[in-house]
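User: I would like a close look at one part of this model, explained step by step for someone new to protein structure. Please connect that part to its surroundings where possible.

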Amino acid sequence: MVESAKAYRQALSAYPGLSFGLGQSSRQGLGATDQDLVLSHSIDIVGRTAASRKIGEAGLTVALAEARTTLLDVQHEVLIAYFEAIASKQHFKVSTELLQVAESLLVATTKRFEIGNVPEIQVTRARIERDRARQAMLLRQAQSAGTQKRLAGAMGIAEATEIPESASLSEPKVDLSQHPELQVLDAQAGAAQAEARLASKENAPELDITALRTPWREGNSHFGARLQLTWRVYDFGKSRNEARASRKRAEAFQKLRDDAQKLAEAEIRRLDDELGAWRASVQSYQAIQQSASELVQKSQSGFAQGYGTLLDVLEATRALREIEQELIEAELAMNLALAAKYRAAGTVIEVQD
């Protein structure tokens, strides 16, 4: 579309063409005998070509801004798929670790049952917990594979395998003058203004220069030139109304642009508040996770030494699992809000190949 707009701009920037005429009448004195051979060219003396060039330039600006809008949409789609893939991988890692804990608990419980320290029901409960952990791990594994396929599709590649353990984005630079959607509306307003200028020149004078030859039937051929100035004295309001319509369209685009900027500013403020809340939530969950992890270690150690119960270990492990999952979800929500801010600000991440 950008290349098409460039070609269209070149077409609108072209000067009036050179016309060549060749004719012959069946009888002398019939038809435009003074134009049996003619070469004519219109001279733009009022700036119609310049006005047309402005329309082409505005069209190219629209195409470039729309291309940047498309890039921004693709970036948003990839960022969402990327962060979801990371979160899914983290969930899979947590579920794998919890499965290892559950298997260790089952082994320890079985040994204590064999020596008569715990009843058989605790072995059954440990086995159920191990089976639940295995089922959760298999589900997370499938989800992780699915999000990687979604990421590969968003990136347009066959397979996305390089998924890091974690990732973060810096705050986007907010410069709404570079927002592609606002640039599109600015360019559309400019194009409408250029159309208004062109329409206002419809009734302007036209100057033609013509090279002529005397008719074929005359014995002596002569060549000469003619300068012709013509203009439309009245068009029943056509050009005036076309110019007025274009100016009103430009005003409409400008109002749409102002509304779009206000909405973008409001969305950025909302996302800033949301990001602040999620960052505080992530920090809180990280502190809670540290305490819960220490509790699990103490519970496992106490159970292995015989002065703790399996229920203590299970409850501590379940609490840790819930906290880790909530932390992952909080980090995902924070990253998605940050990706939304990039889109609201119209910021495209610059990367180097």
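Analyst: A residue is called buried when its relative accessible area is under 20%, exposed when it is over 50%, and partly exposed in between. The model shown is a predicted one.

By this cut-off Val-38 is buried, because its relative accessible area is 12%. Val-38 belongs to strand β2, and that strand leads directly to the part examined here, the sheet. Four strands make up an open sheet, arranged in the order β1-β2-β3-β4 with antiparallel pairing. At the edges stand β1, which covers residues 18-22, and β4, each of which pairs on one side only. From one strand to the next, the twist averages 20 degrees. In general, the strands of a sheet are paired through hydrogen bonds of the backbone, in either a parallel or an antiparallel manner.

The sheet can be read strand by strand, beginning with β1. This strand and β2 run antiparallel and are joined by five bridges. Within that pairing, Gly-21 has Val-38 of β2 as its bridge partner. Val-38 and Gly-21 are 17 residues apart along the chain, yet their C-alpha atoms are separated by 4.9 Å. The buried residue introduced above, with its 12% relative accessible area, therefore also illustrates how the pairing is recorded residue by residue.

The next pairing joins β2, residues 37-43, to β3, residues 206-213; it is antiparallel and extends over six bridges. Three opposed pairs can be followed here. Leu-39 faces Ala-211 of β3, Ser-40 stands opposite Thr-210 of β3, and His-41 has Ile-209 of β3 as its bridge partner. Read in this order, the pairs ascend in number on β2 and descend on β3, from Ala-211 through Thr-210 to Ile-209. In a regular strand, the side chains point alternately to one face of the sheet and to the other.

Ile-209 provides the step to the last strand. Strands β3 and β4 are paired in the antiparallel sense over eight bridges, and Ile-209 stands opposite Leu-227 of β4. Strand β4 spans residues 223-230 and contains Leu-229. Unlike a buried residue, Leu-229 counts as partly exposed, because its relative accessibility is 44%.

What surface feature includes Leu-229 and Ile-209? Both belong to a nonpolar patch on the surface, whose other members are Ile-43, Ile-45, Leu-227, Trp-231, Val-233, Tyr-234 and Phe-236. Together these residues offer about 1000 Å² of accessible area. The opposed pair Ile-209 and Leu-227 is thus part of this patch, since both residues are listed in it.

The surroundings of the sheet include several helices. Helix α3, residues 120-155, contains 36 residues and reaches 53 Å from its first C-alpha to its last, close to the 52 Å expected at 1.5 Å a residue. Its buried residues include Val-123, Ala-133, Met-137 and Leu-151. Just after α3, Gly-156 takes a positive phi of about 75 degrees.

Charged contacts connect parts of the chain as well. The whole structure contains 16 salt bridges. In one of them, Arg-343 is joined to Asp-73, with 3.0 Å between the closest N and O atoms. This pair links distant parts of the chain, for Arg-343 lies in helix α6 (residues 310-345) and Asp-73 in helix α2 (residues 48-114), 270 residues apart. Arg-343 is partly exposed, with a relative accessible area of 35%, and Asp-73 is also partly exposed, at 31%.

A further salt bridge brings together the side chains of Glu-84 and Arg-150, at 3.6 Å from N to O. Because Glu-84 is in helix α2 and Arg-150 in helix α3, this pair ties together parts that are 66 residues apart in sequence. Both residues count as partly exposed, Glu-84 because its relative accessibility is 26% and Arg-150 because its relative accessible area is 48%.

To return to the sheet: its four strands follow the order β1-β2-β3-β4, and Val-38 of β2 is buried, whereas Leu-229 of β4 is partly exposed.

Notes. Residues are numbered from 1 along each chain as its sequence is written. This is a predicted model: local features need pLDDT of at least 70, side-chain atom pairs count only at pLDDT 80 or more; totals for chains, interfaces and linings use all residues. Side-chain values use heavy atoms; hydrogens and water are left out. Patches are made of residues with over 30% relative accessible area and no salt bridge: like charges are joined within 9 Å, nonpolar side chains (Val, Leu, Ile, Met, Phe, Trp, Tyr) within 5 Å. Accessible areas come from the Shrake-Rupley method with a 1.4 Å probe; for residues, only the protein chains shown count as cover. A salt bridge is a side-chain nitrogen of Lys or Arg within 4 Å of a carboxyl oxygen of Asp or Glu. Helices (H or I, at least four residues) and strands (E, at least two) are DSSP runs, numbered from the N terminus. Buried means under 20% relative accessible area, exposed over 50%, partly exposed in between (1.4 Å probe, protein chains only). Two strands pair if DSSP finds at least two bridges between them. Axes are lines fitted to C-alpha atoms, for helices over the stretch in contact, and angles run from 0 to 180 degrees between N-to-C directions. The expected span of a helix is 1.5 Å times one less than its number of residues.
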